[in-house]
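How is a protein chain read once its fold is laid out in space? The report below works from the whole chain down to single residues, so keep the picture in view while reading.

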Amino acid sequence: MMLEKTGENIWIYNGPKVQFYGVPFPTRMTVILLNNKKLWIHSPEKMNPQLKLEIDQLGEVGYLVSPNKLHHLFVEEWIAAYPQAKNYATKGLIKKRSDIKFDKALSDIAENDWKGEIEQLIFKGSLVMEEAVFFYKASKTIILTDLIENFTAETLTGWQRRLAKFAGILAPNGKAPIDYRASFFMGKQQARESLAVMQSWDVENVIMSHGECVFGEGKAFLERAFSWV
Ligand SMILES: [Fe+2]
């Protein structure tokens with residue numbers, strides 16, 4: 001199985017590693033089966049026949065979610081495979097990829113398509129990138145993209161480990177990478193307001209796009225990871 005179940009009606013898929021500054025970057029997609037029997041796909045990964053088969057066995061792909069302007073590489077493959085799916089992205093990505101037909105910009109208000117099941121907010125304050133953050137209530141799971149990266153030391157060589165530690169993204173002390181954090185220098189207050197909303201959620205588990213997920217005591221992990229805010 002490529003999809004890994006992490007709770008009732010929620011799965012992750014660990015996609016192929018991509019090279020970034022010579023460091024192997026693990027990537028991850030998250031899938032939720034909503035009450036309407038449609039699948040909600042966060043940060044779609046590169047498609048392959050086995051993955052598609054497993055997805056199709058779970059249900060109908062209803063919603064594609066591109067959570068920030070860096071996570072768009074494979075969404076076109078998914079639009080081609082599932083043209084009926086509604087395609088959501090952040091405003092920044094819609095502007096950046098005007099060649100892709102997105103249906104709707106994500107906002108601070110949960111979309112009607114998943115209202116009541118998944119909470120959402122736009123994490124604000126960065127000069128370079130806004131990220132849509134989601135909270136799947138049924139399994140108390142927050143889904144982050146680049147706001148926390150949490151690399152496993154064992155998967156890295158010596159210098160890569162030192163680089164990851166310097167960037168602040170070495171597990172279990174992962175957080176937003178140093179350059180992303182630096183981009184909040186004018187917007188700490190906005191970031192604090194976004195964080196306050198996240199803190200109001202009953203978070204137990206943390207899924208992120210890059211690195212080790214955290215299952216259990218997610219709230220304490222979030223506090224540590226966002227202490228820079
Ligand atoms: Fe990323």
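What follows describes the overall form, then the two sheets, then the core, a helix and a loop residue.

**The chain as a whole**

The model shown here is a predicted one. Its secondary structure comes to 7 helices and 12 strands. Along its principal axes the C-alpha trace spans about 45 × 35 × 35 Å. A compact globule of 229 residues would have a radius of gyration near 17 Å, and the chain has 17 Å, so the two values agree. Of the 229 residues, 42% count as buried, and among the contacts between residues at least 6 apart in sequence, 51% join residues at least 24 apart.

**The sheet of seven strands**

In one open sheet, 7 strands lie in the order 1-2-3-4-5-6-7, with mixed pairing. Strand 1 (3-7) and strand 7 (104-105) are the edge strands, each of them pairing on one side only. Strand 1 runs antiparallel to strand 2 (residues 10-20), and 4 bridges join the two; along this pairing, L3 has Y13 as its bridge partner, while G7 stands opposite I10. These two strands form a hairpin with 2 residues between them, and N9 in the turn has a positive phi of about 65°.

Strand 2 also pairs with strand 3 (residues 23-33), in the antiparallel sense and over 9 bridges, and here the bridge partner of G15 is T27. This hairpin, too, has 2 residues between its strands, and Y21 takes a positive phi near 50°.

**The sheet of five strands**

Another open sheet holds 5 strands in the order 8-9-10-11-12, and its pairing is mixed. Strand 8 (118-123) and strand 12 stand at the edges with a single partner strand each, so one side of each is left without a neighbour in the sheet. Which residues cover the two sides of strand 8? On one side are I118, Q120 and I122, on the other E119, L121 and F123, and all of them are buried. In a regular strand, side chains alternate between the two faces of the sheet.

Strand 9 (residues 131-136) is joined to strand 8 by 6 bridges in an antiparallel arrangement, and it pairs with strand 10 in the antiparallel sense over 3 bridges. F134 in strand 9 stands opposite Q120, and F134 also has I143 in strand 10 as a bridge partner.

The table gathers the strand pairs described above, all of which are antiparallel.

| Strand pair | Bridges |
|---|---|
| Strand 1 and strand 2 | 4 bridges |
| Strand 2 and strand 3 | 9 bridges |
| Strand 8 and strand 9 | 6 bridges |
| Strand 9 and strand 10 | 3 bridges |

**The nonpolar core**

In soluble globular proteins, nonpolar side chains tend to be buried together. The largest nonpolar core of this chain has 57 residues, of which W40, I41, L64, V133, I142, L144 and V206 touch the most other members. Strand 9 gives the largest share of this core, 5 residues. L144, for its part, touches V133, V206 and M208, when residues up to four places away in sequence are not counted. A second, separate core of 5 residues includes F151, A164, I169 and L170.

**Helix 7 and its two faces**

Helix 7 (residues 218-225) has G218, F221, L222 and A225 as buried residues. Seen down the axis of the helix, these buried residues fall within an arc of 100°, so they line one face of helix 7. The face turned away from this buried side carries the exposed residues A220 and E223.

What do the buried residues of helix 7 pack against? Their neighbours are strand 10 (141-143), helix 6 (188-199), strand 11 (205-207) and strand 12 (214-215). Helix 7 thus packs on the five-strand sheet, touching strand 10, strand 11 and strand 12, and its direction makes about 55° with that of strand 11.

**A residue in a loop**

Q84 lies in the loop between helix 2 (75-81) and strand 6 (86-89). Is Q84 buried or exposed? A residue counts as exposed if 12 or fewer other C-beta atoms lie within 10 Å of its own; Q84 has 9, so Q84 is exposed. From C-alpha to C-alpha, Q84 and Y63 are 8.9 Å apart in space, although 21 residues separate them in sequence.

Methods
Residues numbered from 1 in each chain as written. Predicted model: local features only at pLDDT ≥ 70, side-chain atom pairs only at ≥ 80, totals over all residues. Core = buried A, V, L, I, M, F, W, Y, C linked by C-beta atoms within 7 Å. Buried ≥ 20, exposed ≤ 12 C-beta atoms within 10 Å, placed from the backbone. Contact = placed C-beta atoms within 7 Å. Arc of directions from axis to C-beta. Pairing = 2+ DSSP bridges. Axes fitted to C-alpha atoms, helices over the stretch in contact; angles between N-to-C directions. Rg over C-alpha atoms; globule rule 2.2 N^0.38 Å.
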